[in-house]
Amino acid sequence: MSTVIRFPLLCVLLALAFPVSSNDLLNGVLQQAIGQAITQGVQKPGGVEQLFKSVTGQSSTGDEAGRAPGGAAGKFENGAAFHAEYIVQAWKTPISAGTLPGESGSAKGRINPKTGYGGKLSEPGAAAMRARLDRMYGLLLKQPPLVNVQGVSLMQGGSFGGKRGAATKTAVMASLMVYAFPINLENKATVRDADGSYYTPGEGDNLNIVVNDPHDLANPVVLGTYNGLTVLRRGGGYRLVVLNTDRPLLVNGELNKDLIDPLRPASDIQFMVIYMGAASPTWSSIGKGTLHPASGPGRMLGVMFNTDWPGLLKQVN
């Protein structure tokens with residue numbers, strides 16, 4: 001082993017030797033070790049990969065990358081089980097998220113910079129809301145899981161009006177969706193763009209950001225909190241709630257019927273509900289700790305739980 005990585009590796013091994021050390025401490029030491037190795041010139045093929053494997057016993061590009069040991073669940077801040085935390089933690093240090101196995105997994109993904117929306121685009125405040133959602137999309141593309149994506153391509157969509165086709169005169173209801181389509185280089189329908197990126201038509205998981213729509217808060221079951229934000233159950237997954245109001249989300253355990261302030265401008269984002277749209281097998285894989293962090297849904301979860309949503313909201317609202 002090269003002498004330039006012995007000391008960082010020794011630091012991590014010492015951290016592993018003390019069971020009283022927290023996971024946060026270990027993650028910090030690992031980040032410092034990898035960063036020091038890169039700074040000191042470990043740039044030969046497999047250099048950083050070998051360091052990661054030596055320290056963790058895992059490959060940063062294999063199926064096991066980012067997997068929770070034994071599929072063990074993480075915890076929300078209130079102590080409730082959080083099965084997707086191993087994915088969230090992997091994206092805190094993107095090198096540990098790795099890439100999907102196979103040639104398709106390392107293929108550069110197309111990122112569509114254009115935005116498009118359907119629905120009630122002519123209602124008062126819709127134009128200003130669209131501008132906010134466009135800025136939000138641009139900021140989301142700067143989040144680590146969506147930067148220089150490999151193995152998936154990214155598309156955007158959106159709509160105006162409530163989930164039940166409703167509109168309101170007091171607040172514009174709208175949604176922004178970011179889709180992740182898996183790349184399959186063996187598929188004859190796969191398109192290679194001039195910049196070397198790929199796109200394979202088909203179906204993909206998506207990250208949904210819904211604004212000002214109380215229907216997306218129906219039947220709230222609180223799972224816990226994460227980074228100070230309330231997490232509600234949504235089928236087999238999660239709904240993350242970001243409030244931009246002094247009004248409480250719940251009153252006596254029920255959704256606050258007066259959550260929307262009618263005196264604020266219609267284009268204000270008063271609250272957001274963020275969730276990932278995925279099929280049941282995806283949630284089953286997350287529960288088992290086998291979903292790869294670099295997969296489409298892994299990237300969506302990385303964005304969902306690592307983004308500073310209150311800070312992002314301040315930039316666009």
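This is a short selection-by-selection tour of the predicted model shown above.

Two notes before you click. Residues are counted from 1 along each chain as its sequence is written, and side-chain values use heavy atoms, with hydrogens and water left out. Because the model is predicted, local features need pLDDT of at least 70 and side-chain atom pairs count only at pLDDT 80 or more, while totals for chains, interfaces and linings use all residues.

**Stop 1: the sheet**

Start with the strands; here, helices (H or I, at least four residues) and strands (E, at least two) are DSSP runs, numbered from the N terminus. Color β3, β4, β5, β8, β14, β11, β10 and β9 in that order, and you will be walking across an open sheet of eight strands with mixed pairing. Two strands pair if DSSP finds at least two bridges between them. At the edges sit β3 (118-119) and β9 (222-226), each pairing on one side only.

Now zoom in on β5 (174-182), which pairs with β8 in the antiparallel sense over seven bridges. Select Met177 to find one partner: its bridge leads to Asn208 in β8.

**Stop 2: two hairpins**

Move on to β9 and β10, an antiparallel pair with four bridges. Thr225 has Thr230 of β10 as its bridge partner. Two residues lie between these strands, and in this hairpin Asn227 takes a positive phi near 50 degrees.

Next, follow β10 into β11: the two run antiparallel and are joined by five bridges. Show Arg233 together with Tyr238, its bridge partner in β11. This hairpin also has two residues between the strands, and Gly235 takes a positive phi near 60 degrees.

**Stop 3: helices on the sheet**

Select α7 (280-288), which packs on the sheet and touches β8, β11 and β14. Contact means heavy atoms within 4.5 Å. The direction of α7 makes about 90 degrees with that of β14; axes are lines fitted to C-alpha atoms, for helices over the stretch in contact, and angles run from 0 to 180 degrees between N-to-C directions.

Then pick α9, which lies across β8, β10, β11 and β14 and runs at about 50 degrees to β11. Which residues of α9 (309-316) are buried? Show Trp309, Gly311, Leu312, Leu313 and Val316. Buried means under 20% relative accessible area, exposed over 50%, and partly exposed in between (1.4 Å probe, protein chains only). The cover over these buried residues includes α6 (126-140), β14 (271-277) and α8 (296-306).

At the N-terminal end of α9, Asp308 acts as a cap: a side-chain oxygen lies 3.1 Å from the backbone nitrogen of Gly311.

**Stop 4: Leu140**

Center the view on Leu140 in helix α6. Buried or exposed? Leu140 is buried, with a relative accessible area of 1%. Leaving aside neighbours within four places in sequence, Leu140 is in contact with Leu146, Leu176, Val178, Ile209, Val303, Trp309 and Leu312. Try a C-alpha to C-alpha distance from Leu140 to Leu312: the two are 8.8 Å apart in space and 172 residues apart in sequence.

**Stop 5: salt bridges**

How many salt bridges are there? The count comes to three, where a salt bridge is a side-chain nitrogen of Lys or Arg within 4 Å of a carboxyl oxygen of Asp or Glu.

- Arg110 and Asp193 meet at 2.8 Å, N to O. Arg110 is in the loop between α5 (94-97) and β3, and Asp193 in the loop between β6 (191-192) and β7 (198-199), 83 residues apart. Asp193 counts as buried because its relative accessibility is 19%.
- Arg247 and Asp261 have their closest N and O atoms 3.5 Å apart. The pair links the loop between β11 and β12 (250-251) to the loop between β13 (254-255) and β14. Arg247 counts as partly exposed at 28% relative accessibility, whereas Asp261 is buried at 17%.
- Arg264 and Asp268 meet at 3.3 Å, N to O. Arg264 and Asp268 are both buried.

**Last stop: Ser104**

Finish with Ser104, in the loop between α5 and β3. Its relative accessibility is 18%, so Ser104 counts as buried. Not counting residues up to four places away in sequence, Ser104 touches Gly151, Ile183, Asn184 and Leu185.

Technical notes. Polar contact = N/O pair within 3.5 Å; in protein donor to acceptor, adjacent residues only side chain to side chain.
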